[in-house]
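Thanks for coming, everyone. I will keep this brisk. Please have a look at the screen.

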Amino acid sequence: RLAQTELLLAAHQEAVFRYAYRLSGCAATAEDVTQEVFLRAFRHLHQLRDETAAAAWLLAIARNEFLRLCRKK
């Protein structure tokens, strides 16, 4: 599971960060969201059914995490 998460991180970290930055407009918030995305991906990797959809899955997690962060503030 860790190895698969590392592969996802290597392949999609930049795209997730850019998306989070676009949503938040703040690099620090984008970094926090990106970190949380991959933590959640590690915890819920069993939910990823199709590895070709990994980018969309991670971006959906990023959107949800950003919205959760906005509600929290």
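Let me begin with a definition. A disulfide here is a pair of cysteine sulfur atoms within 2.5 Å. By that rule, this structure holds 0 disulfides. One caution: what you see is a predicted model.

Why is there no bond between cysteine 26 and cysteine 70? Because the sulfur of cysteine 26 is 11 Å from the closest cysteine sulfur, which sits in cysteine 70, and that is too far for a bond. Cysteine 70 is in no disulfide either. What about exposure? Cysteine 26 is partly exposed, at 32% relative accessible area. Cysteine 70 is also partly exposed, with 42%.

Now the helices. Start with α1, which runs over residues 2–24. How far does α1 span between its end C-alpha atoms? It spans only 28 Å. A straight helix of 23 residues would span 33 Å at 1.5 Å a residue. Look along α1 and you will find a kink of about 60°, centred on histidine 12. Histidine 12 is one of the buried residues of α1. The others are Thr5, Leu8, Val16 and Ala20. What covers them includes α2 and α3. After α1 comes glycine 25, and its phi is positive, near 75°.

Not everything on α1 is buried. Glutamate 14 lies in this helix. With a relative accessible area of 58%, glutamate 14 is exposed, because the cut-off for exposed is over 50%. Its C-alpha is separated by 15 Å from that of leucine 39, and the two residues are 25 apart along the chain.

Stay on α1 for the aromatics. How many aromatic pairs are there? The count comes to 1. Phenylalanine 17 and tyrosine 21 make that pair, and it is stacked: 6.3 Å centre to centre, with 25° between the planes. Both residues lie in α1, 4 residues apart, about one turn of the helix. Are they buried or exposed? Neither, quite. Phenylalanine 17 is partly exposed at 28% relative accessibility, and tyrosine 21 is partly exposed at 40%.

On to α2, residues 27–43. This helix has 17 residues. From first C-alpha to last, α2 reaches 24 Å, close to the 24 Å expected at 1.5 Å a residue. Its buried residues are Thr29, Ala30, Val33, Thr34, Glu36, Val37, Phe38 and Ala41. The cover over them includes α1 and α3.

Take two of those. Threonine 29 is found in α2 and is buried, at 14% relative accessible area. Setting aside neighbours within four places in sequence, threonine 29 is in contact with Ser24, Leu69 and Lys73. Now valine 37. With the neighbours within four places in sequence left out again, valine 37 is in contact with Val16, Leu58, Ile61 and Ala62.

That brings us to the core. Which members of the largest nonpolar core touch the most other members? Leu8, Val37, Trp57 and Leu58, out of 16 residues. Three elements give two or more residues to this core: α1, α2 and α3, the last being residues 54–72. The largest share, 6 residues, comes from α3.

To recap: a kink in α1 at histidine 12, 1 aromatic pair, 0 disulfides, and a largest nonpolar core of 16 residues. Thank you.

Notes: Residues are numbered from 1 along each chain as its sequence is written. This is a predicted model: local features need pLDDT of at least 70, side-chain atom pairs count only at pLDDT 80 or more; totals for chains, interfaces and linings use all residues. Side-chain values use heavy atoms; hydrogens and water are left out. Rings of Phe, Tyr and Trp (its six-membered ring) pair if their centres lie within 6.5 Å; planes under 30 degrees apart count as stacked, over 60 as edge-to-face and the rest as tilted. Buried means under 20% relative accessible area, exposed over 50%, partly exposed in between (1.4 Å probe, protein chains only). A nonpolar core is a set of buried Ala, Val, Leu, Ile, Met, Phe, Trp, Tyr and Cys residues joined through side-chain atoms within 4.5 Å. Contact means heavy atoms within 4.5 Å. The expected span of a helix is 1.5 Å times one less than its number of residues. The bend at a residue is the angle between axes fitted to the seven residues ending there and the seven starting there.
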